[in-house]
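Reader: I am new to reading structures. Can we go through one by asking what earns each label?

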Amino acid sequence: MRTYNRLGSGPDGAEAIKMPPFFEEINWDDMMAKKVLMPFCPDWTVEDDASLFEPIYTGEPSNNYIDNSGLGDKSDPFHVGIEYFFLD
């Protein structure tokens, strides 16, 4: 997708996003000034509480393993001169 085709990137900017009837009751100035209260604020007990998500999404095993073993390989011609830093 070309960036110039994205909603809100035209000559009117974000006004195109604000125009649908769904958003007509929103006071955008108050929203930008952070004066609008959230309609729902979850009562989290811990930072990574996922109790409000459906089990179909939270019951699957985590697949966030990143294999960094090949990073910094000097034989890789596409990454010559790039340094990698791994933060714990």
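Author: Start with a definition. Helices are DSSP runs of at least four residues, marked H or I, and they are numbered from the N terminus. In this predicted model, the elements run α-α-α from the N terminus on. The total is three helices and zero strands.

Reader: What makes residues 28-32 count as helix H2?

Author: A helix needs a run of at least four residues. H2 covers residues 28-32, with Trp28 in it. The run therefore meets the cut-off.

Reader: How confident is the predictor in the protein and in its elements?

Author: The average pLDDT of the protein is 77, and 69% of the residues score at least 70. Among the elements, H2 has the highest mean, 92, and H3 the lowest, 84.

Reader: Why is the contact of Lys18 with Glu15 called a salt bridge?

Author: The rule asks for a side-chain nitrogen of Lys or Arg within 4 Å of a carboxyl oxygen of Asp or Glu. Lys18 and Glu15 have their closest N and O atoms 3.3 Å apart. That is within 4 Å, so the pair is a salt bridge. The structure holds one salt bridge.

Reader: Where do Lys18 and Glu15 sit relative to each other?

Author: They are three residues apart in helix H1, residues 15-18, so about one helical turn separates them. In general, side chains of opposite charge can pair when their charged atoms come close.

Reader: Are Lys18 and Glu15 buried, exposed or in between?

Author: Buried means under 20% relative accessible area, and exposed means over 50%. Lys18 has 25%. Glu15 has 40%. Both values fall in between, so both residues are partly exposed.

Reader: How do you know whether Asp49 is buried or exposed?

Author: Use the cut-off of 20% again. Asp49 has a relative accessible area of 18%. That is under 20%, so Asp49 counts as buried. Asp49 lies in the loop between H2 and H3. Leaving aside residues up to four places away in sequence, Asp49 touches Asp43 and Trp44. Of the 88 residues of the protein, 1% count as buried.

Reader: What makes Phe22 and Phe23 an aromatic pair, and which kind is it?

Author: A pair of aromatic rings is described by the distance of the centres and the angle of the planes. Rings pair if their centres lie within 6.5 Å, and planes over 60 degrees apart count as edge-to-face. By this rule the count comes to two aromatic pairs. For Phe22 and Phe23, the centres are 5.0 Å apart and the planes differ by 85 degrees. Both cut-offs are met, so the pair is edge-to-face. Phe22 is exposed at 71%, while Phe23 is partly exposed at 23%.

Reader: Which residues form the aromatic cluster?

Author: Phe22, Phe23 and Trp28 form one cluster. Trp28 is partly exposed, with a relative accessible area of 25%. Beyond four places in sequence, Trp28 touches Lys18 and Phe23. The C-alpha atoms of Trp28 and Lys18 are 8.3 Å apart, although the residues are 10 apart along the chain.

Reader: What makes Phe40, Trp44 and Leu52 a nonpolar patch?

Author: Patch residues have over 30% relative accessible area and no salt bridge, and nonpolar side chains are joined within 5 Å. Phe, Trp and Leu are among the nonpolar side chains in that rule. Phe40, Trp44 and Leu52 make a surface patch of about 380 Å². Trp44 lies in the loop between H2 and helix H3.

Technical notes: Residues are numbered from 1 along each chain as its sequence is written. This is a predicted model: local features need pLDDT of at least 70, side-chain atom pairs count only at pLDDT 80 or more; totals for chains, interfaces and linings use all residues. Side-chain values use heavy atoms; hydrogens and water are left out. Helices (H or I, at least four residues) and strands (E, at least two) are DSSP runs, numbered from the N terminus. Buried means under 20% relative accessible area, exposed over 50%, partly exposed in between (1.4 Å probe, protein chains only). Contact means heavy atoms within 4.5 Å. Patches are made of residues with over 30% relative accessible area and no salt bridge: like charges are joined within 9 Å, nonpolar side chains (Val, Leu, Ile, Met, Phe, Trp, Tyr) within 5 Å. Accessible areas come from the Shrake-Rupley method with a 1.4 Å probe; for residues, only the protein chains shown count as cover. pLDDT is the predictor's confidence in each residue, from 0 to 100. Rings of Phe, Tyr and Trp (its six-membered ring) pair if their centres lie within 6.5 Å; planes under 30 degrees apart count as stacked, over 60 as edge-to-face and the rest as tilted.
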